[in-house]
Amino acid sequence: MKPDLREQILTILAEIPPGRVTTYGRIAAMTDGATPRLVARALRDLPTGHELPWFRVITASRKLADHPGATEQRERLIAEGVLFDHRGRVAKDRLWP
DNA sequence: CTCATGACATTAG
DNA sequence: GCTAATGCCATGA
């Protein structure tokens, strides 16, 4: 059972509650066979202006991934109440299981 | 078909 | 803490 992994990824993404974040690896693990790279690719290919909370996805080290929208991502997370420590990392208790 | 690429993860040093 | 090497695998040239 391995239907469109991309759709599984987007479905999970849509489930992340506001004020929480999750990692590429966690999303990948929730799907049936996707890898973190596929999750990254799925986000990259999303059209601009969609509804999905792409900004709630961070790396396994709880930092923002290196990509063009990183600055906006940080702003949007802060706007939702996600706090960063002085090293730019998200608190563990903000991780979505 | 082969080759390079990448919003990553994990492991080793 | 950091970097570098590997693994991963869909996608496009």
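**Figure 1. Arg76 in the predicted model.** Arg76 is partly exposed, at 36% relative accessibility. The model is predicted. The side chain of Arg76 meets that of Glu72 in a salt bridge, 3.8 Å from N to O. Glu72 is also partly exposed, with a relative accessible area of 39%. Both residues belong to helix 4, which spans residues 70–79. They are four residues apart there, so about one helical turn separates Arg76 from Glu72. Side chains of opposite charge can pair when their charged atoms come close.

**Figure 2. A salt-bridge network of Arg41, Arg44 and Asp45.** Salt bridges link these three residues in a network. Asp45 takes part in a bridge with Arg41 and in another with Arg44. Between Arg41 and Asp45, the closest N and O atoms are 3.9 Å apart. Between Arg44 and Asp45, the corresponding distance is 3.0 Å. Arg44 is exposed, with a relative accessible area of 57%. That value counts as exposed because the class begins over 50%. Arg41 is partly exposed at 44%. Asp45 is partly exposed as well, with 38% relative accessibility. The structure holds six salt bridges. Among them are the Arg41 bridge to Asp45 and the Arg44 bridge to Asp45.

**Figure 3. Protein residues around DNA strand C.** Six residues surround the strand: Thr35, Arg37, Leu38, Arg41, Arg87 and Arg89. Of the atoms of DNA strand C that come within 4 Å of the protein, 56% belong to sugar and phosphate. The surface near the strand comprises four charged residues, one polar and one nonpolar. The charged residues here are Arg37, Arg41, Arg87 and Arg89. Thr35 is the polar residue and Leu38 the nonpolar one.

**Figure 4. Arg37 and Arg87 at DNA strand C.** Two side chains are shown with their partner atoms on the strand. For Arg37, the partner is a base oxygen of DNA strand C, 2.9 Å from a side-chain N or O atom. For Arg87, the partner is a phosphate oxygen of DNA strand C, 2.6 Å from a side-chain N or O atom.

**Figure 5. Arg41 between DNA strand C and Asp45.** Arg41 is one of the residues surrounding DNA strand C. Arg41 also forms a salt bridge with Asp45. The network that contains this pair includes Arg44 too.

How values were computed: Residues numbered from 1 in each chain as written. Chains lettered and ligands numbered in written order. Predicted model: local features only at pLDDT ≥ 70, side-chain atom pairs only at ≥ 80, totals over all residues. Heavy atoms only, no water. Near = heavy atom within 4 Å. Polar contact = N/O pair within 3.5 Å; in protein donor to acceptor, adjacent residues only side chain to side chain. Salt bridge = Lys/Arg side-chain N within 4 Å of Asp/Glu carboxyl O. Buried < 20%, exposed > 50% of the residue type's maximum accessible area, 1.4 Å probe, protein only. Helix = DSSP H or I, 4+ residues; strand = E, 2+ residues; numbered from the N terminus.
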